[in-house]
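I set out to look up how neighbouring helices pack against one another in this entry. My notes follow below.

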Amino acid sequence: EMQGVHSLLSVPMMQGDHCLGFVGFDSVRDYKVYSADEIRLLRLHAQLLVNLRNRQSQEILLKNSLEEKNVLMKEIHHRVKNNLQIVSSLLNIQANTVSDPETRQALMDSQQRIRAMALLHETIYQTNDLSGFSFKEYVESIISYLAEQTARQEQIPIVTDIADIHLEPDRAIPCGLIINELVTNSLRHAFTGRSPGTIWVSLRESGGQVSLTIRDDGVGFQGDDRKKSGSFGLTLVESLARQLKGTLYMDGIDGAVVTVAFSPGRGKE
């Protein structure tokens, strides 16, 4: 009466057996008899509002679920990193108890490879978006670690040119291990008996292909020398390239150049 309503049509907004509210038409100028089409239109409008509310609720639930999943995944990566660091520490302890230089070096090399894998999980853990972690940051972490482990780090600069592209972890780990092996090999062998030079690490994407190249201006390798320069390391690189379903190119005439070309898609493709 206070609003001067003469005619009123109300339709409940029902979600199952629960009434969320109502929508309605009212007439304040004169009396009105609402048609069947108007009633159907109002019922349709009421259902659309219910659907909209449900969608908003589902979006909130989905967002909360994704946030919980991200927290869980980050925790998993954090724990994997910690476990890998424990294994790395055990190898380091074992290496310090071994008297044979070759055995000790093999253990230290294994420790270094595990550290390269741990760095990936650490990088993923520290990122806000688990689906888009920075591979560039991961590579820079590996390079920094290798430089710290090398006494001649100030004399052998490592120049990086890493495109900010997205790689899934199952592709990033083989790439990181390849970089670890080849940069380590260059630091140890490329400039033996001569003045230090430079190491370059690049990763570019073009035409649907990713190219990872590690190059130095050292002594290079030719023929059997390629195998002698680090047989297990280069065998591992070849295995990792196959894991990426990529193509491996090697040249050792003017310094050592190794390129792995592969698709940026997942390894299951």
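**Helix packing**

I began with the residues that join H2 to H3. From H2, I list Gln 112, Arg 115, Ala 116, Met 117, Leu 119, Leu 120, Thr 123 and Gln 126, which meet Glu 137, Tyr 138, Ser 141, Ile 142, Tyr 145, Leu 146 and Gln 149 of H3. Sorted by class, this contact holds eight nonpolar, five polar and two charged residues. I note that the model is a predicted one.

I then looked up the geometry of this pair. The axes of H2 (residues 101-126) and H3 come within 9 Å and cross at roughly 140°. I therefore record H2 as oblique to H3, since only angles over 145 degrees count as roughly antiparallel. The crossing of H2 and H3 is right-handed.

Next I turned to H3 and H4. Helix H3 spans residues 135-149 and helix H4 spans residues 169-190; their axes lie 10 Å apart at an angle of about 30°. That angle is under 35 degrees, so I enter H3 as roughly parallel to H4. H3 passes H4 in a right-handed crossing.

Which residues make the contact between H3 and H4? On the H3 side I find Phe 135, Tyr 138, Val 139, Ile 142, Ile 143 and Leu 146. On the H4 side I find Ala 172, Ile 173, Cys 175, Gly 176, Ile 179, Asn 180, Val 183, Thr 184 and Leu 187. By class, the contact of H3 with H4 comprises 12 nonpolar and three polar residues, with no charged ones.

As a last entry, I note that Tyr 138, Ile 142 and Leu 146 of H3 appear in the contact with H2 and also in the contact with H4.

Note on methods
Residues numbered from 1 in each chain as written. Predicted model: local features only at pLDDT ≥ 70, side-chain atom pairs only at ≥ 80, totals over all residues. Heavy atoms only, no water. Axes fitted to C-alpha atoms, helices over the stretch in contact; angles between N-to-C directions. Helix = DSSP H or I, 4+ residues; strand = E, 2+ residues; numbered from the N terminus. Parallel < 35°, antiparallel > 145°, perpendicular 65-115°, else oblique. Left-handed = near helix turned anticlockwise from the far one by under 90°. Contact = heavy atoms within 4.5 Å. Nonpolar A, V, L, I, M, F, W, Y, C, P; charged D, E, K, R; others polar.
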